[in-house]
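User: Please take me through this structure by question and answer, from the overall fold to individual residues.

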Amino acid sequence: PTKIILDCDPGHDDAIALMLAVASPKIDLLAVTSSAGNQTPAKTLNNVLRLLTLMKQQQVPVAAGNQTPLLQDLQIADDVHGKTGLDGATLPEPDFAPQPLPAVELIAQTLRQSDGPVTLVVTGPMTNAALFLAVHPELKSKIKRIVFMGGAMGMGNWTPTVEFNMFVDPEAAKLVINSGVPLTMAGLNVTHQAQILQKDIETMRQINNPVAQAITGLLDFYRIYYSQPKWGFEGTPVHDPCTIVWLIDPTMFESVYRNVDVETKGDLTRGETLVDYYHLTNKPENTDVLLKINREKFSALIIAALKTFS
Ligand code: BDR
Ligand code: CA
């Protein structure tokens, strides 16, 4: 199995990514760190603990991430994810505690203790990943790859050209994307195809275990935001699981290998990712940019994973 550390800000779609990481025999979940993004850092940490309690995964080490983005104030997405960050489901209160060390140090400890390289999966703003690379450059070579949800080629979901995770911490994204660590980017081009349809939600509702019931409740809430006509979506895009699904089965995707960089200064474009699709710069390719996904296989994988819980 692929050893991973998941850095996330649950968040409805983060919750599904975490569920897949727990359920899949192809993934070995070594640790989870929380980031500030969809909700405040206290709430995203609590949500990680609540989800792992629900899934009976209290043995997974958890640590709290940075309280704020590197340079700017935190902006949250409570209109998408609600006041808890995971509105729509009744989740148990956590019955275990996070590790008494910050996310950056849990990532370092996990890498030091691992006998092989570890993949870092980032499904929120990149603050913790950037801080980790700055504080522990000696451990960079132990990161096999960073697979992240964020950015897009030519579109945005928070401003016309900026995706939310990039919007929250553009400086962190710039540091990570220019770090030299191999990257896989699940941006909006692919995640907007990764839709859960209403019929999929109804299939999930029939799965009789607490994890499936919780995820169904989360999707009932989350779909409301994406059913606004401005999006023009048939279903509900669940962005973050694309990272884990790519690790489980990359054949579900089409991608291109290109240079990606991040704008941190533009008045209108701060946080925009620039994918050099036509090789217009001399900058080296640094990112596998996912562009297409097989939606049917994607939703089938999520449904199958939900059936593995008791
Ligand atoms: C990203 O922002 C959050 O709302 C989601 O969890 C996802 O990581 C999509 O832009
Ligand atoms: Ca997220």
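The exchange below moves from the fold to the ligand shell and then to single residues.

User: On what basis are local features and side-chain atom pairs accepted in this predicted model?

Analyst: Residues are numbered from 1 along each chain as its sequence is written, while chains are lettered from A and ligands numbered from 1 in the order in which they are written. As the model is predicted, totals for chains, interfaces and linings use all residues, side-chain atom pairs count only at pLDDT 80 or more, and local features need pLDDT of at least 70.

User: How many helices and strands are there, and what is the radius of gyration of the protein chain?

Analyst: Helices (H or I, at least four residues) and strands (E, at least two) are DSSP runs, numbered from the N terminus; the protein chain has 12 of each. The globule rule, 2.2 Å times the number of residues to the power 0.38, gives 19 Å for 310 residues. The chain is as compact as a globular protein of that length, because its radius of gyration, taken over C-alpha atoms, is close to that figure at 18 Å.

User: What percentage of the residues in the protein chain is buried?

Analyst: A residue counts as buried if 20 or more other C-beta atoms, placed from the backbone, lie within 10 Å of its own, as exposed if 12 or fewer do, and as partly exposed in between. Among the 310 residues of the protein chain, the buried share is 55%.

User: Which strands stand at the edges of the open sheet?

Analyst: Two strands pair if DSSP finds at least two bridges between them. The open sheet has 8 strands with mixed pairing, in the order β3-β2-β1-β4-β5-β6-β12-β9. Each edge strand has a single partner, so one side of it is left without a neighbour in the sheet; these strands are β3 (62-64) and β9 (253-258).

User: What angle does the direction of helix α11 make with that of β5?

Analyst: Strand β5 (residues 143-149) runs parallel to β4 (residues 118-122), joined to it by 5 bridges. Helix α11 (residues 241-248) packs on the sheet and touches several strands, including β4 and β5; contact requires C-beta atoms, placed from the backbone, within 7 Å. Axes are lines fitted to C-alpha atoms, for helices over the stretch in contact, and angles run from 0 to 180 degrees between N-to-C directions. The angle between α11 and β5 is about 135°.

User: Which helices each supply at least two residues of the shell around ligand 1?

Analyst: The shell holds 15 residues, the closest being Gly11, Asp13, Ala77, Phe164 and His239; a residue is near the ligand if its C-beta atom, placed from the backbone, lies within 6 Å of it. Each supplying at least two residues of this shell are α1 (12-23) and α6 (164-168).

User: Which residue is joined to Gly11 by a cis peptide bond?

Analyst: Gly11 lies in the loop between β1 and α1, and it is among the residues closest to ligand 1. The cis bond has an omega of about -10°, and the residue joined to Gly11 is Pro10.

User: Is His279 buried or exposed?

Analyst: His279 is found in the loop between β11 (273-275) and β12, and its phi is near 55°, a positive value in a residue other than glycine. Because 10 other C-beta atoms lie within 10 Å, His279 is exposed.

User: How far apart in space are Lys199 and Gly235?

Analyst: Lys199 lies in helix α9 (residues 198-205) and is exposed, with 10 other C-beta atoms within 10 Å. Lys199 and Gly235 are 36 residues apart in sequence, and their C-alpha to C-alpha distance is 9.3 Å.

Definitions and conventions:
Contact = placed C-beta atoms within 7 Å.
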